[in-house]
Amino acid sequence: MMDHWDSADDGALLRATRHHGQAFGIFYARHERRLLSYLMRRTGSGELAADLCAEVFAAALEACRAGGPSPDVPVAWLFGIANHKLIDSRRRAQVDNRARRVLEMRAIELTRGQISDIEQLCSAAEVISLLDGLAAEQRAAVLAHVIDEREYRDIAGDLRCSESVVRKRVSRGLQALRARLGESR
């Protein structure tokens, strides 16, 4: 049964949540890191990001259990909830925990290590965002050479091009990344 939920799309998971709690657990697992990263970038605080993330998912779970219509784009719906919670928390200067209280969820107690891990998501998300802005050929070459530390000749064999083409792709990709980093600072 669990394999069925693992392969279900987000909409099916949200529709099933009312009767199958494990469906929401999979939705949560799929989107927790991305939502935490987003909230971390917006708040600058790992602890606040974690509190908001918990409240966002609690509100989403509450809405699913209420049996309302399923959102057309579940991830956009989730991030919409996040934006509302973020705006509310800024206005009130605290995180509203109403949805967690309704669901009788305890407050999250984070260790310094967990807060640090959340804060690291922000920098990882920025790198991924920068890499996503590269042309597909450049991104593949940069990832293979810089991240995976592979040799140019091995990459060229995989990409079915010459070693010099791979070198140019890596060079141009890194140049584009440097330019983007300069723009964002």
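Here is a walk through this structure, from the overall picture down to a helix and two buried residues.

What you have on screen is a predicted model. Start with the secondary structure: the protein has ten helices and zero strands. Read from the N terminus, the order of elements is therefore just α-α-α-α-α-α-α-α-α-α, by the DSSP runs. Of the 185 residues, 35% are buried. The accessible surface adds up to about 11400 Å², and carbon and sulfur atoms own 48% of that. As for how the chain meets itself, take the contacts between residues at least 6 apart in sequence: 61% of them join residues at least 24 apart.

Now zoom in on helix α3, which spans residues 21-43 and holds His31. Is His31 buried or exposed? Its relative accessibility is 5%, so His31 counts as buried, the cut-off for that being under 20%. What does His31 touch, once you set aside its neighbours within four places in sequence? The partners are Asp10, Phe57, Val75 and Leu78. Asp10 comes before His31 in the chain, while Phe57, Val75 and Leu78 come after.

Next, move along to helix α8, residues 136-147, where you'll find Ala141. With a relative accessible area of 0%, Ala141 is buried too. Ignoring neighbours within four places in sequence, Ala141 is in contact with Ile155, Val166, Arg169 and Val170. There's also a C-alpha pair to look at here: Ala141 and Gly173 sit 32 residues apart along the chain, with their C-alpha atoms separated by 8.0 Å.

One of those partners of Ala141, Ile155, takes us to helix α9, which covers residues 152-159. Which residues of α9 are buried? They are Tyr152, Ile155 and Ala156. Looking down the axis of α9, you'd see these buried residues fall within an arc of 100°, so they line one face of the helix. The spacing fits a general rule: an α-helix has 3.6 residues a turn, so residues three or four places apart point the same way. And what does the face turned away from the buried side of α9 carry? That face has the exposed residues Arg153, Gly157 and Asp158. So α9 has its buried residues on one face, with exposed ones on the face turned away from it.

Before you leave this stretch, check the backbone just after α9: Arg160 takes a positive phi of about 55° there.

Key
Residues are numbered from 1 along each chain as its sequence is written. This is a predicted model: local features need pLDDT of at least 70, side-chain atom pairs count only at pLDDT 80 or more; totals for chains, interfaces and linings use all residues. Side-chain values use heavy atoms; hydrogens and water are left out. Buried means under 20% relative accessible area, exposed over 50%, partly exposed in between (1.4 Å probe, protein chains only). Helices (H or I, at least four residues) and strands (E, at least two) are DSSP runs, numbered from the N terminus. The arc is that of the directions from the helix axis to the C-beta atoms. Contact means heavy atoms within 4.5 Å. Accessible areas come from the Shrake-Rupley method with a 1.4 Å probe; for residues, only the protein chains shown count as cover.
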